[in-house]
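Hi,

Here is the structure I promised to pass on. Have a look at it first, and my notes follow underneath.

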Amino acid sequence: MPKILAVTKDKRTFNLFEKQITDFFNGKVTIVSSEQCMDYGPIDVILLSNKELHNDYYPEEKVLIARRTINIAKLEELIALPAGTECLVVNNLASTAAETIDILENFGFELKFYPYYPGIKTYQKVEVAIIPEALEMVPKGIKRMIDIGLRPLDFSTLIELSLKLNINIDRANIQSARYVQEIIKLSRKLSHSFKEVAHLNHQLDAILNTVHDGILATDDEKNIIKINRSAKSMLGINSSENEIIGKKVSEILPKLPLENLVNDDLSPNNDVISYNDRKLIISNSSIVVNQESIGDVTAFQDVTRIQALEQEIRKKIQKKGFSSKYSIKDIIGKSPRINDILHIMEKLAKTDRTVLILGENGTGKELFAHSVHQLSSRKNGPFIPVNFAGLPDSLAESELFGYEDGTFTGAIKGGKQGLFELAHNGTIFLDEIGDAPKNLQTLLLRVLQEKQVMRVGGRSIIPINVRVIAATNKDLKKMVEEGSFREDLYYRLFVLPLRVPPLRDRKEDIPELINHFLQQFCPDIPIISDDVMDVLVTYDWPGNVRELASVVQYMVTVMENNFITLHDLPEQFHRMEPTIKMDDNLLKLTKEGDLVDFHTILSCLLEAMHDRKSIGRGKIVSFAKEKGVLLTEQQVRRRMETLRDLGFIQSGTKGQGSRISQMGMNTMKVMERMIKENHMALQRLS
């Protein structure tokens, strides 16, 4: 039996919730208090009477904060108060007192309300107090107390409880009928004069128009006495209320089948009808006072709205671990390669066919799988990831397909749904599909072909509606040739292939990715030197985006003064260039020409790299002239050949020009020191 933990401020509120929930669910649930919960095993829903009672250790997916209303039957004395009467609204918390005032104001009472609760330091001194049974909380000096009772659960909270517990909500119609019955009773009791009736109608209109269900009330002669906005909308009535009230239902709604639904008791007949292109649940019950029928109340519920509410609640129940965490917005990069793959992905996502994502380790295949799901028509359904690399062979079949009760020792009583069943109407992501064992490949092929599963130990077929997204970093075609992967499964998966490019093929995205990870790993975004950025852009990234994220995390950990330098790079970057004998290379440069010439050329290439520009010899000549160094294009060409032979610059592909290497950047510092020393020596000689 489902169990609800009701967390309330006091015992009286708990008793009210217990009675109301027990009545609504007809005894099909167990309600326990905080003191009892340890004795009743696992809890399905934690119902809080107020958000202030929330604790961090409560599982978020189980928590439901109650929405509460006011008992309509208790409002008779309150309605009789003259307009403008000042009243203290007494409750045990500041927030609950404020909520009660909001509800009373929404009902349209023309009274002045002031909150009062234990511990309040200053409050309005008045003669009337509105209390929730709690006489002990009323301050001194109050001459008149109006008890409106404890605030019961709002009808929408009971519906949400039904959906969270997966319990049929047919009794919701009974509760709707009883709710409106109290309104009608109140109306009859207070209709002694025209003024009172007019005032009451104002209150009733406010109350009825806050109800999402359609409400239609008639007297014992089938004349319409009340109709709310929701009913007019559902039934397609465009006339004003003045044109409807007092007329026969058969005149206003000739096609509405109310006669067959009328009962002589409080239990309504329920039926689903098509009316004005809508599917409506319609229920009708008699309003009986002193064993005499004084009219009928009919409730209308929009099936579409109920289904949407149920879907929303079920989505919340499934959310933890069963929903996609990422979308296309989380894919960082604007390079041509990544733009092309995103354009293709958007097209593939619109279909319902199997997608196979291919790519090296660390390229972000799972991110693309989440994005395909989010872009598809199944985005509101579950997203179930399965990683075959971490799934033991002994558990794989039962995890994927579930098992029946008593299948093996240690099995959950009643059996267990498999991941394919849980992914019904959604997406299942088969990550590292190349690691699936051969026997499991046969079972996967059957699921893909037949769209149905059979639990381990089961005898019945379970149909499923699931979209499959698979991913691998392995060459499945080669595995088929080697016999380690089924050929028929390969072709079932290889329907819509999506190949994610490695990071070395989209280096234009590296600066943007670095900035993204800096924001993620460091509260104060550090300054990253141009030298470091150049090294990171030119690196080949065998570990792809995953390796880049690790490198950024390392750098922000070891950096000093919020500034990242070459010394903060991890060890793989310190092995990028071979060890050189700097003196020998500088000696070769001095034999080929003036060190100032070589330093000027390297400086120009370094500046171009920072600006992400490509330059030719003419630009270098102009740059040197601005620095006071006179070089011809022929001299630049010969000196660049020398620098290239020594590894200080690297030749780019056609049209990209030359680039300074890490060795060249390191050599520039030695050059600067030697040039400075030579300059100082010349000054001393002069």
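Bear in mind that this is a predicted model. I'll begin with one pair of strands and work outwards. Strand β14, residues 355–358, runs parallel to strand β21, residues 466–472, and the two are joined over 4 bridges. If you want a spot to zoom in on, try Val 355, which sits opposite Ile 469 of β21.

That pair belongs to an open sheet of 5 strands, paired in parallel and ordered β15-β18-β21-β14-β22. At the edges you'll find β15 (383–387) and β22 (496–499), each with pairing on one side only. Going from one strand to the next, the twist averages 20°.

What packs on this sheet? Helix α11 does. The helix covers residues 336–349 and touches β14, β21 and β22. Compare its direction with that of β22 and you get an angle of about 155°.

Now for the chain as a whole. How many helices and strands does the chain have? The count is 26 helices and 26 strands. The chain has 686 residues, and 47% of them count as buried. As for contacts, take those between residues at least 6 apart in sequence: 66% of these join residues at least 24 apart. The exposed surface of the chain comes to about 36,000 Å², with carbon and sulfur atoms supplying 49% of that area.

If you only have a minute, start with the β14 and β21 pairing, then turn the view to see α11 packing on the sheet.

Cheers

Notes: Residues are numbered from 1 along each chain as its sequence is written. This is a predicted model: local features need pLDDT of at least 70, side-chain atom pairs count only at pLDDT 80 or more; totals for chains, interfaces and linings use all residues. Side-chain values use heavy atoms; hydrogens and water are left out. Two strands pair if DSSP finds at least two bridges between them. Axes are lines fitted to C-alpha atoms, for helices over the stretch in contact, and angles run from 0 to 180 degrees between N-to-C directions. Contact means heavy atoms within 4.5 Å. Buried means under 20% relative accessible area, exposed over 50%, partly exposed in between (1.4 Å probe, protein chains only). Accessible areas come from the Shrake-Rupley method with a 1.4 Å probe; for residues, only the protein chains shown count as cover.
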